[in-house]
Every structure is written in structure tokens, then in C-alpha cells.
Number of protein chains: 2
Amino acid sequence: MANEPLLMIPGPVMLHPRVLQAMSKQMINHRDKAFSDMYDECRNALQYVLNTKNDTYVLTGSGSCAMEAAISNLVKGEKVVSIVNGKFGERFRDIAGRYGAVESLEFEWGNPIDLAKVEDALSKGAKAITMVHNETSAGVKNPAEEVGKLAKKYNALFVMDCITSAGGDLVEVDKWGIDIAVTGAQKCLGAPSGLSSVTVSKKAWDSMVKNPPYYMDLKKYKKSAEAERSETPYTPSVTLFYGMTEAMRMIKEETIEKRIARHRKGAEAIRSAAKALGLELYPVTDGKTVLSNTVTAIKLPAGVGDKDLRSPMKANDGVAIAGGQDRLKGKIFRIPSMNAFTEADLVRTFDSLEKTLISLKALDQGKKNAGVDAFRKVYNS
Amino acid sequence: MANEPLLMIPGPVMLHPRVLQAMSKQMINHRDKAFSDMYDECRNALQYVLNTKNDTYVLTGSGSCAMEAAISNLVKGEKVVSIVNGKFGERFRDIAGRYGAVESLEFEWGNPIDLAKVEDALSKGAKAITMVHNETSAGVKNPAEEVGKLAKKYNALFVMDCITSAGGDLVEVDKWGIDIAVTGAQKCLGAPSGLSSVTVSKKAWDSMVKNPPYYMDLKKYKKSAEAERSETPYTPSVTLFYGMTEAMRMIKEETIEKRIARHRKGAEAIRSAAKALGLELYPVTDGKTVLSNTVTAIKLPAGVGDKDLRSPMKANDGVAIAGGQDRLKGKIFRIPSMNAFTEADLVRTFDSLEKTLISLKALDQGKKNAGVDAFRKVYNS
């Protein structure tokens, strides 16, 4: 509805009414069969979404908790190669730095990574390599399959953050050789923030360190999940599991294939609309960069500050888009295509964007509707 | 309502309809003022409940996460004294063991701790001492004020788990000298599971180690909370904050004094009802043990197994009480007096207990209603 606030940030995403309603259910005992069934349903659905048979666990904690669970169970002092071309790559590197000797392979945010440099780093020996699949901060997708091959070649564990790709883009955990894949609930999975997950390969199990942080100890998750009735080692958030279970059912109803296609089309339409307004995408579009299918990063027009654009969109039209983070603050804005977004949501977003750019004299009056028209053209093709 | 399931376990507790309803609200941006206001309201309310001016943060994670946050920020290799007289004391010791050299001071579960032994251990030097205030596994309360004095005398940091006392019993963080007090949302605070909190004293800030687990790094929580607009360092569970904010409002409306008195009366009435049925409390009642005001641990009558009692109560009457944990499995059952319990809830619980004990020939037919009568007598006095 036009007067309802429209949250267009790359997570937490707006939740479907079915998911919201599920979370107002009364508490149950987290050691009962009813909880166990929910836990198993979520874990099975994640395996479906991520194309894996690997053991899968859901943690009560945000994506950073699962990122740390991945690293802290695999590394104690050994070398870790961390690929960094955005804010979340930095975060993964910083987390890895608390457990291992990190070699930070840095590329300009929004630029493609250089696989030759990755191979060079791995060839010198490393226990693990970390990468963010979909770098939300810069709107780029990193080459998971290729890095997976290099990790295998040099016998490094491949740890990948799929937090903003899982459920919205293709993730092939088994085929790509991802030893631990990390997800967060509040992005393309369409579930509430506060849950995250990991998948664990046999090779990862064989490489576990002793005494990782207690709350993140994956061996405890395994033991509890394999008990007579599966459970979590510590009290889970039952409420959030209600929401996640419903969200995962919706993914299965839609099918992951159709869901990925829908996200892809959303991103294509957003990019087309941005171009029609004369806006420039942030990522280097040299043919090597793969653009994200779940979030589009767009440069702020010259002379337009972050608040100049986002504040009136929110105040006048109720449309909250995302700004840039850290070094990209004041340089870009971001529009997601995540979860339950509709054509109407994105039309409303571009309508507000056009109006606001015109009022800022950053768009000609005559271009009003150019974005929306371009968007609709792709979206309905 | 008689046909609705009645969850009588010591957390997660049943949630008040106001709290449940709050959690079906649509997502907001966790970097917006609306979230910041909720975060501050929860932190202020926790300070009120815990009688402290210390910095207070809410973590997205269960109580074990906050227990580990407390230890991992204070200890790296140094000696820690851990008081153990129940399952959660063991857990605190096990967590401490991942970060420091633990001296485990063990007392029989449900027995009082020996302060002379605590003093002896501290007198040899320790960086920190851990204790569980209210040991839910055994139904006893430990002497926080006395241990706080000893910690101060020997200059050890006092880390206390108040997970099942906060909001249901008196906790005086500042007066008792608790350097880090840990709570969980899903017990007497009446909030949903998945959130936990810590309070941090000046002395604790002055004693922080470098590079604790990233997700639990309290310096990051401090920096984010003290930003121009307070926030959490990682994506919080907005949904759970909706629930917790409402739960904390309900505590302030009731006042903490009246709430503690209500919990205490509930526990007294439960104990009286148990005695009237000829049941024996689990904790040693030698005058030294202080019984818990939030959960009552009762011995199973001779010849009655855990499932013999609990399964028919749940199947026939919809009343789910708690069994014993670990070494107390099959030896005790537990009835909580936590959060929004009503007289009707407890009457229904004892009515079901009486019927079931009679059917198991563990109670004389003539004693039907003896528990309920004794309960009502105390409850309405």
C-alpha cells in the first residue's frame, strides 16, 4: 500500500504476512518433537536451497555469528587467505584474524577479484580461504565455482558467506566444493533476522580444531542434531524458528529455480531503470565484474549527498532505500531485489527516486517516468 | 483456558498476548531511530531490573552466548574460579575452561556452596569468579552478596549468571559488586528466547582482554551503543526486540518490587502444595540452602519414573512440567514460577499432578485436592 512504509534495504527484508503471523504463536518447549520437526524442516530446506547434502545447522545469532562459527571451528593459528572486495569481505577477514594468520587479498570494492592472485596465495599453502559470494556493500557477485576449484587444487578449506545469495541466486555448495557455507535468515530467505546457518562438509569435519568458542562449537550442534530427537545445543529462538519455517515453506512452494529467476529479473529491471535515468552503476562494468542479482549499487549523481536523496524519499513517500557503507558512504545508494518484493514495490521506489532527483535538479523534468518505464519493460518481458 | 497447552517449564516461558502480538509487526531498518529507541528502552529497563548503572547491552543469542561474552572478554589464560552446584554452574565452568585456567569448586547439586572454600580458592589469586545466581537445574539460589564481598576482598572480577533470577528475584548488581551480570530473555523477564544481555562494570572495562570472539566483543557493543544513535554492532533480531520491549514495559508497569513478591509467593505456594502431597523438595533443606523463588525442584516419589509422571500430565491435561537434567534425570521434576503465571495455571498444574499421582498409586485418593488447597491457602494469604 502506498502509505505503508516500504523497506527497500538489503536486509533485514520486509516479511511476508504469513511469516509475520507465524511469529505470534505461543511458546513451546524447545526439547519437544514439535520444535525438532521445525528444526529438521528448516535444515532440509536449507540443503535444498544450497544444493547440498552436507550437515546443516541453524544458529540463534546473526550472520556474523555463523561466519565466526565457520572460521573458529576450522582455524587455530594456521594461515587463512581472505578475499576482500567489499565490507563483508573485510568482516570475514577480521573474524579470521582472530583465529589465524590472515593474508588479506584486497581488491577495490566493486571490482572483480583477480583469480591469479588467489591462486598465487593458495599455492604458498593455507588451511582455509574465505570469500563473500554476493558482496552486498558493492553490488557484485564473486566467482564461487572458480575459487572452489583453486581451493581444491591447493587443498585449502573453502569457507563462503552466502548470506545475501542464498535463496536469491544459485548456490551450489556440493558442486563448487564449499566446505562451510554461511547463510543469514533475513535476506533472500525471507525469514526474520536473528537466525543464521552453516553447512559442513566431510573435509571440514576432518579438519576441526579443539575448543572453538562454546556457543559456536559445531561438534555440539552435530551431537544435538543427531540425538534421538534432533535439537539445538542451546536454547534456540522458538519464535524465529516459527518465522523461518514458514519462510522456507514459501521457498519450496515457489521452487528455488523460479525464485532465483525472479530475483534475477528484478535486478535486471533495476539496472535498466537506473540507466534510463542516466545513473551509473557502482561496480566496474568492464565485462569481468559479475553484478549482483540481489542488490544493485548505484552511484549518487554529482552534487547529491546521501541524505539529500534518501531523506526526502523516506519522508515524502515512505520509501527507505539503503545508502553506502563505510568508504562508500555518500558515494552510492543501493536497491535490493530480495525475497517477497513485487513489481509494485519497485515501481513505487523508482517513482519516488525520479521525483526526488527532479527536485534536487539531478534529473530533467522530462525524464519523469523514464526509470519506471524502463523497469516495467524488462520486468514484464 | 483448560484445553490450551500449559507450558510449565523453567523457560522458555509462555509469552503474554501483548508480547506475542508485538512480534508480528513488520520489519524496520535496524539502523533507524525506531530501533535505536527500542534498544535503549530495553537497556534502560534491564538496568532498572538489575539495580545497576553499569553499561548494559542486549545480544542476539541465547543465554549461553552472553555467558561466553562475559568470560571471553575478561579472561585469556588467567585463573578463574567456577562455583558449581548444578548444570548451569557446570556450563559456566566449561565455558570458562575455553578461555582460562579453571579451578572448579564443586558442591553436590542442590546443596549450598561453602563460602570458606570459595574464600580459600580466591585467596590464592584468580582473575575472575563465576557463579550462577539461581540454579534452575536444582532449584537453589546461591549467595550473590557474600560471594561479591569475597571477590572484592581478593580483587577478582565477579561474573554472575542471573538468567533465571532477573525479573523474578532481587538482583543488586551495583550493591553486590557484580562486574558482569548475564541475563536471558526467556525466563522471568517474560521475553522471547534468542536475546540475552550483559552489564559491564568499570572494573570489567579496565580488565578487558584483546581479541575476544568477534561476535561477542563487548568493546564493539560499547562503541555501537555510544554512537550518535545507539545501535548494535551486528544485525539484531528486530522481531525479538519488539517482543522484549513489550515485555520490559510490562515489568515497569507491574514494578519490579511487586513482580518479585509475586514470584516469591508463587514459589512458596508451590512448595506448600508439594509438602501437602507428601512430596519432598530436592534441595537439602538444612537451613543453609536458600530455595529458588522462580523454580521448585521436587523429588519424584519412589517407583515413579520421569515419563510415568510427565507424559500423562501432558497427554491428558495439556500440562507440560519439566523433568530433571543430566544427573537429575529421572530423579526430580520441576515447576516454575516465572513471568506471567497465574493462580489458575498453578491450580491446573497441581490438579493434574494430583490426578496423575493417584493413578500411579503414589498418592492416596483421599489426598486429592490437598495440594491445590494448600496452594490456594498460601497464594491467597
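**How chain A meets chain B**

Let me begin with symmetry: a turn of 180 degrees and a shift of 0.0 Å along the axis lay chain A on chain B with an RMSD of 0.0 Å, where the superposition is by least squares on the C-alpha atoms of residues with pLDDT of at least 70 in both copies. The two copies are therefore related as by a two-fold rotation axis, and in chain A the C-alpha nearest that axis belongs to Gly61(A), at 2.5 Å from it.

Before going on, I should say that this is a predicted model, in which local features need pLDDT of at least 70 and side-chain atom pairs count only at pLDDT 80 or more, while totals for chains, interfaces and linings use all residues. Residues are numbered from 1 along each chain as its sequence is written, chains are lettered from A and ligands numbered from 1 in the order in which they are written, and side-chain values use heavy atoms, with hydrogens and water left out.

Turning to the interface, the contact (heavy atoms within 4.5 Å) takes 49 residues from chain A and 49 residues from chain B. The buried area, meaning the accessible area (1.4 Å probe) that two parts lose on being put together, summed over both, is about 3800 Å², and carbon and sulfur atoms give 59% of it. On the side of chain A, Met27(A), Arg98(A) and Tyr214(A) lose the most area to chain B, together 19% of what that side buries.

Arg98(A) also forms a salt bridge with Asp217(B), with the closest N and O atoms 2.8 Å apart; the rule, a side-chain nitrogen of Lys or Arg within 4 Å of a carboxyl oxygen of Asp or Glu, finds four salt bridges across this interface.
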